[in-house]
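Reader: Hello! I am new to this structure and would love a close look at one part of it, with enough of the surroundings to keep my bearings.

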Amino acid sequence: MGMSEFYGTADEGESLATIHRALELGVNFLDTADEYGPFTNERLVGKAIKGRRDQVVLATKFGNERREDGSFVRINGRPDYVRAACDGSLRRLGVDYIDLYYQHRVDPTVPIEETVGAMAGLVQQGKVRYLGLSEAAPATIRRAHAVHPITALETEYSLWSRDPEDEILPTVRELGIGFVAYSPLGRGFLTGQITSVENLAPDDWRRTTPRFQGKNFQKNLTLVERVKKMASEKHITAGQLALAWVLAQGKDIVPIPGTKHRNYLEENVAAVGITLTREDRARIEEVAPKGVAAGERYADMSAVNR
């Protein structure tokens, strides 16, 4: 996402090099969305994987409908839109099929059965292999899964966003659905690299979110300092500790840390080799207990957990 929008400027050359380096390091899951850019991130990913399609599990999302000029239209789960959005993604990505196709946000005006029914039609046509949802509530997941098997749920999950542990993770585990953890580094905050909002570009979307503002920012900075201290004692970075914690929560959980640079990518990938002992995990629980983050994840939470 950050290679195309929301997190300040990015360099296409470095972005392509970063994706190629990821593939070299054994990363095989690439997750994008038509919203990012909008549309430009899919084109970027398509360019990066040209001639390498068999090396990747390719995921993209629909549902946050935007115009070419970037303006937002609506959250859209209508069957005709599902089909049109998929065709657009296939074209931009330059592929014949999408491995995992998510509904990016649940449309409250359209029964989930209708949306997933249209998505299932894409599977029957060979345009999509597996179906996913993002930020869906447990009841919605169950209704969707009854129409067609849902393979993955993508929802924010990290040391400072542990709400899924209450109901969502138990639900997907009961149903045999994988969990894709987005923003496992807390939108970069948990890396310890953001010490002031002034570190962010003027147009960086994070400036508008509650956790990056005022007293919330200062309280969350205290949390990050504790994480950094523990990471330093283990001779790893704060970001690596945060990723290792997510990876330790279960083999059914796949974190998708986003980055725009090869050096951060390599740091992230190295987290796979970090083992957290029982004592480590107990201490992390003390340092970053559930609900520790100050502020909501989004300024408007109405579009999540529907």
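What follows looks closely at one helix and then at other places in the chain. Which residues of helix α8 are buried, and which elements do they pack against?

Author: Happy to help, and a word on the model comes before the helix. This is a predicted model, in which local features need pLDDT of at least 70 and side-chain atom pairs count only at pLDDT 80 or more, while totals for chains, interfaces and linings use all residues. Residues are numbered from 1 along each chain as its sequence is written, and side-chain values use heavy atoms, with hydrogens and water left out.

Now to your helix. Helices (H or I, at least four residues) and strands (E, at least two) are DSSP runs, numbered from the N terminus. Helix α8 covers residues 238–247, and because nine of its 10 residues are buried, the rest of the structure largely encloses it. Buried here means under 20% relative accessible area, exposed means over 50%, and partly exposed lies in between (1.4 Å probe, protein chains only). The buried residues of α8 are Ala 238, Gly 239, Gln 240, Leu 241, Ala 242, Leu 243, Ala 244, Trp 245 and Val 246. They pack against one helix before them, α7 (214–233), and against α9 (262–270) and α10 (278–287), as well as the strands β8 (178–182) and β9 (253–256). Contact means heavy atoms within 4.5 Å.

Two of those neighbours are worth a visit. Leu 265 sits in helix α9 and is buried, with a relative accessible area of 9%. Setting aside residues up to four places away in sequence, Leu 265 touches Thr 18, Arg 21, Ala 22, Leu 25 and Thr 259. Its C-alpha atom is 26 Å from that of Thr 208, which is 57 residues away along the chain. In helix α10 you will find Ala 282, which is partly exposed at a relative accessible area of 42%. The C-alpha atoms of Ala 282 and Glu 165 are separated by 16 Å, with their places 117 residues apart along the chain.

Another neighbour, β8 (178–182), leads us to the nonpolar core. Such a core is a set of buried Ala, Val, Leu, Ile, Met, Phe, Trp, Tyr and Cys residues joined through side-chain atoms within 4.5 Å. The largest one has 74 residues, and Leu 153 and Phe 179 touch the most other members. Beyond its neighbours within four places in sequence, Leu 153 is in contact with Leu 133, Ser 134, Glu 135, Ala 136, Ile 141, Ile 168, Val 172, Ile 177, Gly 178, Phe 179 and Val 180. A second, separate core has 10 residues, including Ala 59, Tyr 102, Ala 152 and Ile 256.

One of the partners of Leu 153 is Glu 135, found in the loop between β6 (128–134) and α5 (138–147). Glu 135 is buried, with a relative accessible area of 2%, and has a positive phi of about 55° although it is not a glycine. Most residues other than glycine have a negative phi, and most peptide bonds are trans. Phe 6, in the segment before α1 (12–24), also has a positive phi, of about 80°. A cis peptide bond runs from Gly 37 to Pro 38, with omega near -5°, and Pro 38 belongs to the loop between β1 (29–31) and α2 (40–49).

Two more helices offer a contrast. Val 116, in helix α4 (residues 112–124), is buried with a relative accessible area of 0%. It touches Leu 131, Ala 144, Val 147, His 148 and Ile 150, not counting residues up to four places away in sequence. The C-alpha atoms of Val 116 and His 148 are 7.0 Å apart, though 32 residues separate them in sequence. Asp 80, in helix α3 (residues 79–93), is partly exposed at 49% relative accessible area. From Asp 80 to Lys 50 is 30 residues in sequence and 29 Å in space, C-alpha to C-alpha.

Finally, step back to the whole chain. The protein has 10 helices and nine strands, and 54% of its 306 residues are buried. Among contacts with a separation of 6 or more, 74% join residues 24 or more positions apart. The C-alpha atoms fill a box of roughly 55 × 40 × 35 Å along the principal axes.
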